[in-house]
Amino acid sequence: MTKDKGRPRGFATRAIHEGQHPDPGTGGVVVPLVQAATFIQESPGRPGDYEYSRTGNPTRNAVETNLASLEGGAGAVACASGMAAIVMAFDLVPSGGRVVATSDSYGGTYRVGENVLRPRGLDFTWLDTSDTEATIRELDAGAAMLFLETPTNPLLRIADLRTLSEAAHAAGAVVVVDNTFMSPYFQRPLELGADIVVHSSTKYLNGHSDGVGGILVTRNREHFERFKYLQNAAGAILSPFESWLLLRSTKTLALRMERHDANAREIARMLSDHARVEAVHYPGLPAHPGHELASRQMSGFGGMLSFDVGSMDRARSVMEALRVFHIAESLGGVESLANHPATMTHASIPEPMRLAIGICDGLVRLSVGVEDVSDLLGDLEDALSAL
């Protein structure tokens with residue numbers, strides 16, 4: 001927690017106030033959108049606080065301060081997309097270095113690792129990081145980075161952040177955690193030993209499906225300074241307008257996450273009892289293999305879940321029958337979305353590997369929104385009755 005005059009501030013208070021100071025010029029309570037590309041200098045080579053918006057922008061700096069506080073980090077860097085943030089994190093791996101990574105991560109993470117970074121000298125080992133012993137064996141075999149996604153996308157598996165962070169550090173590896181599914185409201189990996197947290201801020205942090213962005217938050221200043229240098233040098237920055245949208249959104253993060261979580265718990269219970277559903281993946285269910293661990297390292301279970309109806313045709317029938325849920329990629333918005341990982345978000349993963357991971361053709365992933373839960377339950381009941 002940050003402190004103001006010795007008084008600690010809670011999460012929701014920091015989400016509304018940290019980095020979000022009234023405009024000194026007008027007194028406006030909303031951080032102004034500073035759309036300027038460049039800033040005047042008193043004389044050559046003597047800029048003020050800002051000189052060029054790729055290097056620094058008041059609106060972007062405000063959202064970086066805000067999110068560093070929410071994750072409990074030393075600093076944050078805002079990027080043009082979640083994938084830009086992930087690629088920036090991989091910059092810490094030297095050529096020839098090995099990354100031990102979660103196998104059922106977002107498909108774009110696999111794509112950039114195998115098709116962009118492996119040809120440039122990085123080595124990737126993909127495995128089920130909910131298997132703690134297997135992951136530690138891979139770390140002990142030599143690794144420069146442990147890249148975790150927990151809960152995973154789309155199977156909601158849980159990795160032991162504290163134990164794996166300790167093992168990675170003992171092996172000389174830096175620990176990066178994709179915290180997109182949980183947001184800092186429900187999970188703060190830096191407090192559990194991770195070095196870096198990445199987010200697709202497009203998702204829960206923004207929460208309204210109207211902005212694309214990515215965030216890195218670091219535990220130490222050395223990593224933060226490296227990422228600030230890369231942000232300026234490579235230029236994959238979050239725009240002032242996207243930053244302003246994100247500042248608007250973090251103010252309601254605590255409220256939204258509570259509703260996502262409450263709705264998803266009811267939906268998971270309904271699906272787990274449904275005769276036409278073969279399996280439900282949601283860490284909030286006591287039967288989930290990671291439920292006990294999730295209960296220890298997360299303060300809620302979030303709004304993401306997936307369920308298996310047995311085949312591609314059955315999954316398509318269910319999804320096409322939905323009326324409140326929209327068929328779309330992405331997640332974390334106020335509206336509920338249904339996604340078919342095998343043909344949408346994870347289509348870039350070769351089919352043999354995808355099936356080996358457990359991403360089967362009958363799997364449907366839900367991003368549960370904040371609508372009236374009775375409408376969501378009814379929509380799913382109606383869709384499943386079509387089978």
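**View 1. Helix α4 is mostly covered.** In this predicted model, helix α4 spans residues 107–117, and eight of its 11 residues are buried. The buried residues are Gly 107, Gly 108, Thr 109, Tyr 110, Val 112, Gly 113, Glu 114 and Leu 117. What do the buried residues of α4 pack against? They pack against two helices and two strands: α3 (82–90) and α13 (351–357), together with β7 (123–127) and β8 (145–149).

**View 2. Strand β7 has a parallel partner, β6.** We met β7 in the first view, as one of the elements that the buried residues of α4 pack against. Strand β7 is itself mostly covered, with four of its five residues buried. Strand β6 (residues 98–102) pairs with β7 in the parallel sense, and five bridges link the two. To find one place where they meet, look for Arg 98, which stands opposite Asp 123 in β7.

**View 3. Strand β10 is covered on both faces.** Strand β10 covers residues 196–200, and five of its five residues are buried. Which residues lie on each side of β10? Ile 196, Val 198 and Ser 200 are on one side, while Val 197 and His 199 are on the other.

**View 4. Strand β10 pairs with both β9 and β11.** With strand β9 (residues 174–178), β10 pairs in the parallel sense over three bridges. One pair to look for here is Asp 178 with its bridge partner Val 198 in β10. With strand β11 (residues 214–218), β10 runs antiparallel, and five bridges join them. Here you can pick out Ser 200, whose bridge partner in β11 is Gly 214. Both Val 198 and Ser 200 also appeared in the previous view, where they are buried on one side of β10.

**View 5. Five strands form an open sheet.** Follow the strands in the order β12-β13-β16-β15-β14, and you will see that the pairing is mixed. Which strands stand at the edges? They are β12 (279–281) and β14 (326–327); each has a single partner strand, so one side of each is left without a neighbour in the sheet. Strand β12 is joined by three bridges to strand β13 (residues 304–308), and these two run antiparallel. Within this pair, Val 280 stands opposite Phe 307 in β13.

**View 6. Helix α10 lies across part of the open sheet.** The strands it lies across are β12, β13 and β16 (363–367). At what angle does α10 run to β13? The angle is about 10°.

**View 7. Helix α10 also packs with helix α14.** Helix α10 (residues 253–272) and helix α14 (residues 373–385) have axes 10 Å apart and pack at an angle of about 25°. The two helices are therefore roughly parallel to each other, and their crossing is right-handed. From α10, the contact uses Asn 263, Glu 266, Ile 267, Met 270 and Leu 271; from α14, it uses Val 373, Leu 376, Leu 377, Leu 380, Glu 381 and Leu 384. Sorted by class, this contact has eight nonpolar, one polar and two charged residues.

**View 8. Helices α2 and α9 cross in a left-handed way.** The crossing of α2 past α9 is left-handed. Helix α2 (residues 58–71) and helix α9 (residues 240–250) have axes that come within 8 Å and cross at roughly 35°. On the α2 side, look for Thr 59, Arg 60, Ala 62, Val 63, Asn 66 and Leu 67; they meet Pro 240, Ser 243, Trp 244, Leu 246, Leu 247 and Thr 250 in α9. By class, this contact has seven nonpolar, four polar and one charged residues.

**View 9. Thr 163 sits in helix α6.** You will find Thr 163 in α6, a helix of residues 161–170. Is Thr 163 buried or partly exposed? Its relative accessible area is 31%, so Thr 163 is partly exposed. Leaving aside neighbours within four places in sequence, Thr 163 is in contact with Thr 132 and Ile 136. Thr 163 and Ile 136 are 27 residues apart in sequence, and their C-alpha atoms are 9.1 Å apart in space.

**View 10. Leu 230 is a buried residue of helix α8.** Helix α8 (residues 221–234) holds Leu 230. With a relative accessible area of 14%, Leu 230 is buried. Setting aside neighbours within four places in sequence, Leu 230 is in contact with Met 88, Asp 91 and Gly 235. Now look for Arg 9, 221 residues from Leu 230 along the chain: the C-alpha atoms of these two residues are separated by 32 Å.

How values were computed
Residues are numbered from 1 along each chain as its sequence is written. This is a predicted model: local features need pLDDT of at least 70, side-chain atom pairs count only at pLDDT 80 or more; totals for chains, interfaces and linings use all residues. Side-chain values use heavy atoms; hydrogens and water are left out. Axes are lines fitted to C-alpha atoms, for helices over the stretch in contact, and angles run from 0 to 180 degrees between N-to-C directions. Angles under 35 degrees count as roughly parallel, over 145 as roughly antiparallel, 65 to 115 as roughly perpendicular and the rest as oblique. A crossing is left-handed if the near helix is turned anticlockwise from the far one by less than a right angle, and right-handed if clockwise. Contact means heavy atoms within 4.5 Å. Ala, Val, Leu, Ile, Met, Phe, Trp, Tyr, Cys and Pro count as nonpolar, Asp, Glu, Lys and Arg as charged, and the others, Gly among them, as polar. Two strands pair if DSSP finds at least two bridges between them. Buried means under 20% relative accessible area, exposed over 50%, partly exposed in between (1.4 Å probe, protein chains only).
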